[in-house]
Amino acid sequence: MSDVPKLSITMLGAGQEVGRSCCVLQYRGRTIVCDAGVHPAYSGIASLPFVDDLDWSTVDVLLVTHFHLDHAAALTYIMEKTNFRDGKGKVYMTHPTKALHKFMMQDFVRMSSSSSDTLFTPLEMSMSLASIIPVSAHQVITPCPGVTFTPYHAGHVLGACMFLIDIAGLRILYTGDYSREEDRHLVKAEVPPIHPDVLIVESTYGVQSHEPRDDKEARFTSLVHSIIRRGGHVLLPTFALGRAQELLLILDEYWAKHPDLHNVPIYYASSLARKCMAVYQTYIHTMNTNVRTRFAKRDNPFVFKHITNVPASRGWERKIADGPPCVVLASPGFMTNGPSRELLELWAPDSRNGLIVTGYSIEGTMARDILNDPEEITTVKGATIPRKISVDYISFSAHVDYSQNSEFMEMVKPQHIVLVHGEATGMGRLKAAMQDRYKSRDEEVKIHMPRNLETLELTFRSERVAKAIGTLANKPPQPNDFISGLLVSKDYSYTLLDPRDLRDFAGLTTCVITQRQKVALGVGWELVRWHLEGMFGQIEEGLDKDGIATMRVMGAVDIKLTAEQELTLEWDSSASNDMIADSTLALINGIDKSPASVKLTTHSHNHTHTPEHRHPHADIVDESAEVTRIQRLAWFLEAHFGEVELHMPEDGDEMEQGEDAQGPSLLVTLDEADAVINLTTMTVTSSSDVLRRRVEAVLDMAVSTISSLSEAFTAGMPLQMDDAQTADGAKDKAGSPGLPSIPEEDVAMKDAAKPAAEGGDEHAENNMKTEEDGTAGGDGNGEEGDEDEEEDEDEDAILQVHD
């Protein structure tokens, strides 16, 4: 397992916390960073992710999911204040996100310029913005070799996306903040069509559930209306962009339906929001059907009829606070500083006023603390004031709740789930709940919740996909087709192509390495052939271009009789050919030590040492071959199914005749069901699918069992070619031309161990063509006697055992 690449996931932020999201992915030498935010509860350097724990010059890609500060505000610092610029890293976000990120960062710089721990200057911010590359949803981007990513809509806020990242075939889905509920202007998060290996998902709400949208909208507007009736002011702390637009749409619609509220102003206290409304109107096409339909009818939903921007003069907060009842949407949402904090301090002592927290509140912020109903609050300047303002919480947060998050996880079907962007307690409950769900379904999905700076290592054995191009792609493969070619690996992608296309598509050329191995020969040529036939089946024999006697093993390895006591093995090097050559060499080196060799060549009289019988494992090449093969198939099938009947259209009852009858078949009967095996096409037909599948499986085993290596695996074409092929100078797959047959007058040379004796054995025919005039041997029958008859009986016994 040590050589299997590991995916390393390190959280520089948002590990068992909410805020400063920053996730580092490292796999096969590539480094991808997702999000770069700050922590809203801290300021200056303390608010940043743990940037010192990463060599930023090694980062290949930095992806930002959306414009919120806790996901994007540290981007400028990383790009301009670290060694990120010394590397080749690229930064990507969607078009709406880049447009809104610009305004958000301008406001961020303005708000932090008054403090002593400013993270960066306006100039550095402008320089970083110029380097950001905008992308569109569903656009497949290849930022560097071996890495691709695709953005998908995430809901949440305008331009928010989740990234499906592919690193060398490993797929990772990073959701960022996402919402699976379609609201008044945004689409809900998409489910990518590809199942990732790893899902890195937010766990902001843990196992909490949101109330239905209609119910919470009704409760919200009713609560606002009741505060107005009692003569109070309504404070809605929201971020300038995102949920604020949703709340404005709700309030504008409610005010339109209630004329008694027309004299009550709704203030939107954000100069940033005014700038950004143009961006919202520009990217109408990314919003849901409701907004697009209204816009098509020239009814722009973002031109509000009952919403007023606050005056630009200084001190407007006190003027509004001392004025008549009103509703104010003020930023920031966490009330750490700014207009929302100032209005809270002005309105807190009056019990007529009301505060409605509408989004998620991070621990350590005023928005979280005031939900505990404290009797007093501390001002920004450190003073203590009484808290009599009513506090209510109605979540319009565009984050998934437990039911939506769990449903999304099950639809995505990852092998591993990594929980981020959540507090430790809620995250732990979500992990336990999801483990119970998967366990009840017998599904094995591993769930992780790493802390900040805790590296999580995951190991995968994913499939590798090769794309066929060039000549191989001209003809689409059919089921069960075998495709062969050169597998080219580049940047973790694999391409299969024909060797002839290598120069055109890869700029490379091919060469053939021919290997030769010389072996001392201490036995006869025919004895070598006898052993080779026993190992590999049928051996092809002929002469090479120089007239040297040659045997070819499995169409790949040539064995040449280059001298009286010397063999030369020659083959074109490849993985399969080298394996065949190794086994051939090992077999030849062991021939003289084989007991079978001693038995076949030890005689008390003079004759050639040609084996009298074929090797029991050799392929049968005479007229009985077909009958023997059918007989062996029948034996194998009988061992599994009982009695098997042979049917021959012509004289089928006398199989021993060996006639080439058309359409021979075997009949298998089992439990009153019949299966017919066509011995010509080796196909099975039966009225019972179960029996047919069983017979097909056994038939496959039978064929592979009774077939020799040469029949089952052939690396090249046969030596013996027809006239047309010979005339064309055809070559086999190993690159060797077809060899002519050995002349009959040269047969006597095949016994390389000793010259032929006067009277050869009539059994020396053993697959050789000999002259009738006795060139290779005479009758020789008188000299054999009883000893030869005993040898015949022994060899017959061997054949019977192995038949």
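Which strands does helix α12 lie across, and at what angle does helix α12 run to β11? In this predicted model, helix α12, formed by residues 402–412, lies across β9 (161–167), β10 (170–174), β11 (198–202) and β20. The helix runs at about 165° to β11.

The strands in question belong to an open sheet of seven strands, arranged in the order β7-β8-β9-β10-β11-β20-β21 and mixed in its pairing. The edges of the sheet are formed by β7 (141–144) and β21 (446–448), each of which pairs on one side only. From one strand to the next, the twist averages 20°. Strand β20, comprising residues 416–420, runs parallel to β21 and is joined to β21 by three bridges. Within this pair, Ile 417 has Ile 447 of β21 as its bridge partner. A further helix, α13 (residues 424–440), also packs on the sheet, where α13 touches β20 and β21. The direction of α13 makes about 160° with that of β20.

A separate element of the model is the hairpin formed by β33 and β34, with four residues between the two strands. In the turn, Met 682 has a positive phi of about 55°. Strand β33 (residues 673–678) pairs with β34 in the antiparallel sense, and four bridges connect them; Thr 685 in β34 is the bridge partner of Val 676. In a regular strand, side chains alternate between the two faces of the sheet. Strand β34 (residues 683–686) shows such alternation. Val 684 and Ser 686 point to one face and are buried, whereas Thr 683 and Thr 685 point to the other face and are not buried.

Internal space was examined by a search of the whole structure, which finds six cavities of 30 Å³ or more. The largest cavity holds about 150 Å³ of space. Its lining consists of 19 residues, among which Ser 179, Glu 181, Asp 183, Arg 243 and Ser 397 lie nearest the centre of the cavity. Helices α5 (213–229) and α6 (243–257) are the elements that contribute two or more residues to this lining.

Over the entire protein, the secondary structure comprises 22 helices and 34 strands. Of the 803 residues, 50% count as buried. The exposed surface of the protein is about 39000 Å², of which carbon and sulfur atoms supply 48%. Among contacts between residues at least 6 apart in sequence, 68% join residues at least 24 apart.

Methods:
Residues are numbered from 1 along each chain as its sequence is written. This is a predicted model: local features need pLDDT of at least 70, side-chain atom pairs count only at pLDDT 80 or more; totals for chains, interfaces and linings use all residues. Side-chain values use heavy atoms; hydrogens and water are left out. Two strands pair if DSSP finds at least two bridges between them. Axes are lines fitted to C-alpha atoms, for helices over the stretch in contact, and angles run from 0 to 180 degrees between N-to-C directions. Contact means heavy atoms within 4.5 Å. Buried means under 20% relative accessible area, exposed over 50%, partly exposed in between (1.4 Å probe, protein chains only). Accessible areas come from the Shrake-Rupley method with a 1.4 Å probe; for residues, only the protein chains shown count as cover. On a 1 Å grid over the protein atoms alone, a cavity is a set of points where a 1.4 Å probe fits but cannot get out, and a pocket is an open set with protein on both sides within 12 Å along at least five of seven lines; lining residues have an atom within 4 Å of a point. Grid points are joined across faces, edges and corners, and a volume is the space filled by probe spheres set on the points.
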